[in-house]
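Have the sequence and the model side by side. The paragraphs below take you through the structure one stop at a time.

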Amino acid sequence: MSINPLTFNLITIDHAFHSAGLPVLVQPTQSPVWRDCFEEIKQLVEQQLHVKGGLLFRGFSIAGAEDFNAFARAFGHDLLTYDYASTPRNEVSSGVYTSTEYPAHQVIPLHNEQAYTLSWPLKIWFHCEIAPEQDGETPIADSRLVYQKIDPVIRERFVKHGLLYVRNYGNGLDLSWQQAFGTDDKTKVEAFCAKHNIECIWKADGELQTRQVCQAISTHPITQEQVWFNQAHLFHVSNLDEHIRETLISVVGEENLPRNVYFGDGSPIGDDDLKHIRTVLEQCQVRFAWQQGDIMMLDNMLAAHGRSTFSGDRKVIVAMAQGYSEQN
Ligand SMILES: [Fe+2]
């Protein structure tokens, strides 16, 4: 799909911002106030987001988390809460969260948001309030390309069986169930799990295990393109440092690891499969430096995101919208 350049007067669009063609850079030509350009921004998003997968808005004035919240909501959908969380975050404005609060020295591998469950946001926005002094990018990757580059034999194995995610909460090893589900009420956790096809097992020590069989790939609802869409490489035990992996298994047993993933029939996934998947993700990774005030808008099915290590301050906040499930 091509854009008639005459359509846009208040914004410019640079498809060559990155050699990967992703993200597309969007900048104001006159007023930096996003509301002044929003009709054109919205038109661009409707035409291009599901084609390119990601847009980077640079040079627009965004006045804090509330203004970012308003920008994200202006596309017409309520912001989603971060239910059934897998990582620690804080809500800074209604529906706006800090990005995952892992230590600066840790890389967060590429992933599609909430691809470890059966419903997920179609849209996700990142806003850089404080650009990191060094590194700290939010790398992205085209999930269509990832799908295409995965060895068809491995891909077929994943597609055929699906993926069983097993999570054990609390015990100081991972998020508590209260954090993951945002409640202290066990009956609310049970109701959420029943509604979302998650098996919910209370253990003798009062802690929780959940088990859920999910997709390995998905089909984009607009373009019908196939995308690699799971978090096996994050949940699989091979994501742990080898020493930690051995220690944890010897202390709690494999069945009580904070998180793990198997094929949908419960059979193990080989480390080599995950190694291949991580290599493909690395090959598809697109990096660019954040500038303060940037907003990146991704189609969460077409583009995966991660986080590089960084030094100094860094503040990137996140909003998500348009919940989607293949079951609907
Ligand atoms: Fe994420």
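Glutamine 322 is partly exposed in this predicted model. The count behind that label is 17 other C-beta atoms within 10 Å. A residue is called buried from 20 such atoms upward, and exposed at 12 or fewer, so a count of 17 falls in between. Glutamine 322 sits in strand β19, which covers residues 315-325. Its backbone deserves a look too. Phi of glutamine 322 is positive, near 65°, and the residue is not a glycine.

Another glutamine has a positive phi. For glutamine 114 the angle is about 55°, again in a residue that is not a glycine. Glutamine 114 belongs to the loop between β6 and β7. Is glutamine 114 buried or exposed? It is buried, because 23 other C-beta atoms lie within 10 Å.

Two further backbone features are worth finding. Leucine 22 and proline 23 are joined by a cis peptide bond, with omega about -5°. Proline 23 lies in the loop that runs between β1 (11-14) and β2 (24-28). The other feature follows helix α8. There, glycine 253 has a positive phi, near 85°. Helix α8 itself spans residues 242-252 and is hardly covered. Of its 11 residues, the number buried is 0.

Now turn to strand β16. How many of its 5 residues are buried? The count is 5 of the 5, so the strand is largely enclosed by the rest of the structure. In a regular strand, side chains alternate between the two faces of the sheet. In β16 both faces are covered. Ile295, Met297 and Asp299 are buried on one side. Met296 and Leu298 are buried on the other.

Which strands pair with β16? Strand β3 (residues 54-57) does so in the antiparallel sense, over 4 bridges. In that pairing, phenylalanine 57 stands opposite isoleucine 295. Strand β7 also runs antiparallel to β16, and 5 bridges join the two. Here tryptophan 125 stands opposite methionine 297.

Stay with β16 and look at aspartate 299, which lies within its range of residues 295-299. Why does aspartate 299 count as buried? It has 26 other C-beta atoms within 10 Å, and 20 or more are enough for that label. Some of its surroundings come from far along the chain. Aspartate 299 and glycine 54 are 245 residues apart in sequence, yet their C-alpha atoms are separated by 6.2 Å. Setting aside neighbours within four places in sequence, aspartate 299 is in contact with Leu49, His50, Gly53, Leu122 and Lys123.

Next comes an open sheet of 3 strands. Its order is β6-β17-β9, and the pairing is antiparallel. β6 (108-111) and β9 (140-142) stand at the edges. Each has a single partner strand, so one side of each is left without a neighbour in the sheet. From one strand to the next, the twist averages 15°. Between β6 and β17 (residues 303-307) there are 2 bridges. One residue pair to find is histidine 111 and its bridge partner in β17, histidine 305.

Step back to the whole chain. The domain assignment gives domain 1 as 5-103 + 119-133 + 289-325, and domain 2 as 145-281. Their centres, taken over C-alpha atoms, are separated by 27 Å. The contact takes 10 residues from domain 1 and 15 residues from domain 2. On the domain 1 side, the touching residues are 7 nonpolar, 2 polar and 1 charged.

The last stop is the largest nonpolar core, which has 73 residues. Ala141 and Leu163 touch the most other members. Strand β7 (residues 119-130) gives the most to this core, with 6 residues. Where does the core lie with respect to the domains? Domain 1 and domain 2 both give residues to the core, so it lies between them. Alanine 141 shows the packing at one point. Leaving aside neighbours within four places in sequence, its contacts are Leu110, Val146, Leu281, Cys284, Gln285, Val286, Ala303 and Ala304. Apart from this core lies another, of 7 residues, among them Tyr84, Tyr169, Phe181 and Val189.

How values were computed. Residues numbered from 1 in each chain as written. Predicted model: local features only at pLDDT ≥ 70, side-chain atom pairs only at ≥ 80, totals over all residues. Contact = placed C-beta atoms within 7 Å. Domains from an automatic or database assignment. Nonpolar A, V, L, I, M, F, W, Y, C, P; charged D, E, K, R; others polar. Core = buried A, V, L, I, M, F, W, Y, C linked by C-beta atoms within 7 Å. Pairing = 2+ DSSP bridges. Axes fitted to C-alpha atoms, helices over the stretch in contact; angles between N-to-C directions.
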